[in-house]
Amino acid sequence: MEDSFLHKGLREKLVEEIRRKGIRNEQVLEAMRKVPRHLFMDSSFIKFAYKDQAFPIGSGQTISQPYTVAFQTELLDIQPLDKVLEVGTGSGYQAAVLMEMGARVYTIERQKDLYLKVQMQLPKMGYKPSFFYGDGYQGLPTYSPFDKILITAAAPEIPPALVEQLKVGGILVLPVGGPGSQVMTRVEKTGPGEYSTREHGYFVFVPMLKGRE
Ligand code: SAH
């Protein structure tokens with residue numbers, strides 16, 4: 001499937017909608033203008049690709065709402081060449097947005113079917129993050145430390161292993177809480193074993209699960 005003028009026009013409108021909702025970082029908006037979101041969704045949902053809504057991607061999971069992707073990405077303060085760990089690859093859309101901003105992305109998914117699918121499809125669109133299959137709760141100790149870490153599923157608490165794998169000065173963004181609703185939390189690592197947190201309102205994510213399926 002291609003990226004037509006129609007798709008580009010719809011994407012432009014979506015970006016303006018997200019801007020109206022409060023996203024100010026021009027690099028984030030520019031990245032979202034570039035990534036063809038319709039290619040990350042099953043063809044039966046394609047007419048919803050440029051609505052500001054989450055949608056099913058199979059295996060009981062969702063592609064996050066564009067505003068939420070923009071909000072988390074803005075909180076991460078992505079700089080070119082940042083080394084970023086994403087927990088919850090899902091459709092790969094968020095990873096693509098990070099890569100459009102010049103980040104080097106490591107992404108981990110615990111559901112094997114999603115991992116296999118995204119690993120096949122994303123490189124065809126020109127996005128080549130490092131893909132991992134496993135439990136993102138544990139992070140990727142071998143590849144740490146990271147400048148930024150992003151969790152795209154609801155975590156019941158701030159995972160200590162992930163704070164450990166951040167550089168000092170690094171940022172972890174995650175929704176904290178149980179099913180239903182979570183508080184978007186930005187964690188800044190201030191020193192070895194030390195961090196500060198700030199809360200940024202309520203969001204709804206699918207739960208993060210410990211261990212492998
Ligand atoms: N970032 C995704 C949205 C994913 S939804 C996108 O842009 O499409 C959350 C994803 O987190 C799901 O695919 C789910 O399977 C995955 N997930 C849940 N618990 C996880 C864990 N412990 N480790 C890694 N991935 C996890």
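The following questions and answers concern a predicted model and the terms used to describe it.

In this predicted model, local features need pLDDT of at least 70, side-chain atom pairs count only at pLDDT 80 or more, and totals for chains, interfaces and linings use all residues. Residues are numbered from 1 along each chain as its sequence is written, and side-chain values use heavy atoms, with hydrogens and water left out.

Q: How do you know that the span of helix α1 agrees with its 16 residues?
A: A helix is a DSSP run of H or I with at least four residues, a strand a run of E with at least two, both numbered from the N terminus. The expected span is 1.5 Å times one less than the number of residues. For α1 (residues 5–20) this gives 22 Å, and the end C-alpha atoms are 23 Å apart, which agrees.

Q: What makes the buried residues of α1 lie on the same side?
A: The buried residues are His7, Arg11, Leu14, Val15 and Ile18. They cover an arc of only 100° around the axis, which puts them on the same side of α1; the arc is that of the directions from the helix axis to the C-beta atoms. An α-helix has 3.6 residues a turn, so residues three or four places apart point the same way. On the other side of α1, Phe5, Leu6, Lys13 and Arg20 are exposed.

Q: Why is Asn25 called buried?
A: Buried means under 20% relative accessible area, exposed over 50%, and partly exposed in between (1.4 Å probe, protein chains only). Asn25 has a relative accessible area of 19%, and is therefore buried. Asn25 is placed in the loop between α1 and α2.

Q: Why is Lys83 called buried?
A: Its relative accessible area is 13%, so Lys83 falls under the 20% limit. Lys83 belongs to strand β3 (residues 83–87).

Q: What makes Glu74 and Met101 contacts of Asn25?
A: Contact means heavy atoms within 4.5 Å. Asn25 touches both residues, when those up to four places away in sequence are not counted.

Q: How do you know that Asp135 has a polar contact with the ligand?
A: A polar contact is a pair of N or O atoms within 3.5 Å; within protein, one must be able to donate a hydrogen and the other to accept it, and residues adjacent in sequence count only if both atoms are side-chain atoms. A polar side-chain atom of Asp135 lies 2.8 Å from a nitrogen atom of the ligand. For Thr152, the corresponding distance to a ligand nitrogen atom is 3.1 Å.
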